[in-house]
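Trainee: I'd like a close look at a single part of this model, please, with its surroundings explained as you go.

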Amino acid sequence: MTHELTEACESEILAASLRTYLSGTGFSFTGLTGKEATRSITRAVIHWVGASQWRCRTEAQMRYIDPPRLKSGGCIAYWEPSWSAYLDLRVIRRDGPPIAVEIDRTDESTAVEKLRDEALRGRPALWIRWHGALRAELPAGVARLHLPTRSSKSPLRYSLAPMVGTEAIALGPAITSEARMEALHRDQRRIADERRAAARPPEPGPIRC
């Protein structure tokens, strides 16, 4: 059990390290659009990665542990979640498993599901959430660093004051060994199913009336 607690806490330690770095470099921005603010935060995280002597990949491909299911919505059939998924950043380290990073302005994204599955695989998972209200709960093993911003209207612009080390960090519960083993079993089963499916004709895509 101690091992799982250590892994869960690593996400929190990384979030604190990033917070300290952003505070020490005086990171802030003023009058940016949503896309510009996200790009600014992403650049700052990449600089932190470099300062830590790591490297990272942007838009790094990943897969969910559970396969997508074909659903029907009126005249449309669609896969949920999608077959292809990408992390905003995957941080590669020599001395530990890769770190999964997602950067979002709102909770209305697939970030939580992606980070949940990466954490279940034994990888630290860091969610950088800026602006807006926060969801109350986090999946096991996932840490969240909240960057509170102000916004103006007409036109909508966002500003982040220089960080002083007080931004909130939240952490989901520790991952139990049972949850980890069960997730790894599902993950391996999906890989085997995909290999078998590769020899068959491709599945149909979205169907419209």
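Trainee: Let's take the small sheet: which residue in S10 is the bridge partner of Leu32?

Mentor: Happy to help! Leu32 has Tyr158 as its bridge partner in S10. Before we go on, this is a predicted model, where local features need pLDDT of at least 70, side-chain atom pairs count only at pLDDT 80 or more, and totals for chains, interfaces and linings use all residues. Residues are numbered from 1 along each chain as its sequence is written, and side-chain values use heavy atoms, leaving out hydrogens and water.

S1 and S10 (residues 157-160) run antiparallel and are joined by 2 bridges; two strands pair if DSSP finds at least two bridges between them. Strands here are DSSP runs of E with at least two residues, while helices are runs of H or I with at least four, both numbered from the N terminus.

Stepping back, the sheet is open, with 3 strands in the order S1-S10-S9 and antiparallel pairing. Strands S1 (29-32) and S9 (150-152) form the edges, each pairing on one side only. On average, neighbouring strands of this sheet are turned by 15 degrees against each other, direction ignored. Helix H2 (residues 34-51) packs on the sheet and touches S1 and S10, its direction making about 150 degrees with that of S1. Contact means heavy atoms within 4.5 Å; axes are lines fitted to C-alpha atoms, for helices over the stretch in contact, with angles from 0 to 180 degrees between N-to-C directions.

For context, the protein chain has 4 helices and 11 strands.
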